[in-house]
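Here are my notes for anyone opening this one for the first time. Have a look at the model, then go through the points in order.

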Amino acid sequence: MDSKDANLAEQGYLEFGRCLSRLSGGRQWKAGNFSVFVTPENTWYTRVCDLSPDPGGENALVRHLITGARDGSLPNTVVCTREVVGEVLERELRNAGYEPWKEQTGMLLDLPSFSCAARHPQVGAVSTEELAEWIKTMMVSFGKQDGADAMRALYQAGTGRFYAARENGRIVGTILLWVDGPYAGLHELGVLPGCRGSHLATGLMRAALADARELGCTVGVLQASQMGRPIYERLGWRAVSTILHWKLNER
């Protein structure tokens, strides 16, 4: 995969991750050329990013991550993009006892060429009164245990746009749009298991991207699961990076 496109996807996610970390009370710091922050998703994890042209500091960073994981000050899960952080960091993680256990795909979309079509009649913005139901639906859809407080904080800060798909008066699908300059980041796109297959997810995506385009965004960014990747590719998204979740094995 092209490292330039991988960097675009990383840049499109970076400010969202930092904001989520800040609103959740997570730690953030610089380690050599790496930007590191702790944020909740299912369970808390440490995200490592590197947009600098020169590598360096991998060994010291991994030692810090291990020390934090062992004393409880940092999660035991580290997430990073292979094409961005490089082979040296991956090798240091393996040597230290980390093992990859989950893989996602960073994806980009050329927003000006994407057809947003007509808005789905069951999809719309989320009111303050609906926020608690939106969060509950999102967490059930993804099987999450953490992140509710961060979503409430994002909504109250007005830094994200929340959309819902409704069926018989209840929220059955969710998506969050994060706008950062030219980037339109899509997050928490999910539909309850019993309501999948009715194009609600596509309707949610089109609604968010239509607004993003009106706001001047030109690049769509998301992180897809292995199951979701083929669906996004059929809609015109391109796979540009591999996002690995590493867990410290203390055997």
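1. A word on labels before the pockets: helices (H or I, at least four residues) and strands (E, at least two) are DSSP runs, numbered from the N terminus. Keep in mind that this is a predicted model, where local features need pLDDT of at least 70 and side-chain atom pairs count only at pLDDT 80 or more, while totals for chains, interfaces and linings use all residues. Residues are numbered from 1 along each chain as its sequence is written, and side-chain values use heavy atoms, with hydrogens and water left out.

2. Start with the largest pocket, whose volume is about 1,200 Å³. Of its 43 lining residues, Phe-142, Leu-189, Gly-190, Ser-225 and Tyr-232 are the closest to the centre. Strand E9 gives the most to this lining, with six residues. (On a 1 Å grid over the protein atoms alone, a pocket is an open set of points with protein on both sides within 12 Å along at least five of seven lines; a cavity is a set where a 1.4 Å probe fits but cannot get out; lining residues have an atom within 4 Å of a point. Points are joined across faces, edges and corners, and a volume is the space filled by probe spheres set on them.)

3. By class, the pocket lining divides into 22 nonpolar, 15 polar and six charged residues. Here Ala, Val, Leu, Ile, Met, Phe, Trp, Tyr, Cys and Pro count as nonpolar, Asp, Glu, Lys and Arg as charged, and the others, Gly among them, as polar.

4. How many cavities of 30 Å³ or more are there? The count comes to one, with a volume of about 40 Å³. Its lining includes Glu-10, Tyr-13, Arg-47 and Ser-241. Helix H1 (3–24), strand E10 (219–224) and strand E11 (238–248) each give two or more residues to that lining.

5. Two of those lining residues, Arg-47 and Glu-10, also meet through their side chains in a salt bridge (3.1 Å, N to O). This pair links distant parts of the chain, with Arg-47 in strand E3 (residues 43–49) and Glu-10 in helix H1, 37 residues apart. Both are buried. A salt bridge here is a side-chain nitrogen of Lys or Arg within 4 Å of a carboxyl oxygen of Asp or Glu, and the structure holds seven. Buried means under 20% relative accessible area, exposed over 50%, and partly exposed in between (1.4 Å probe, protein chains only).

6. Now helix H4 (residues 87–95), where Leu-89, Glu-90 and Leu-93 are buried. They sit on the same side of H4, because they cover an arc of only 100 degrees around the axis, taken from the directions from the helix axis to the C-beta atoms. The face turned away carries the exposed residues Glu-87 and Asn-95. Glu-90 also forms a salt bridge with Arg-82, the closest N and O atoms being 2.9 Å apart. Arg-82 is partly exposed, at 36% relative accessible area.

7. Last, some backbone checks. Most residues other than glycine have a negative phi. Asn-168 has a positive phi of about 55 degrees; it lies in the loop between strand E7 (161–167) and strand E8 (170–180). Is Glu-188, whose phi is also positive and near 55 degrees, buried or exposed? Glu-188 is buried at 13% relative accessible area, in strand E9 (residues 183–191), whereas Asn-168 is exposed at 79%.
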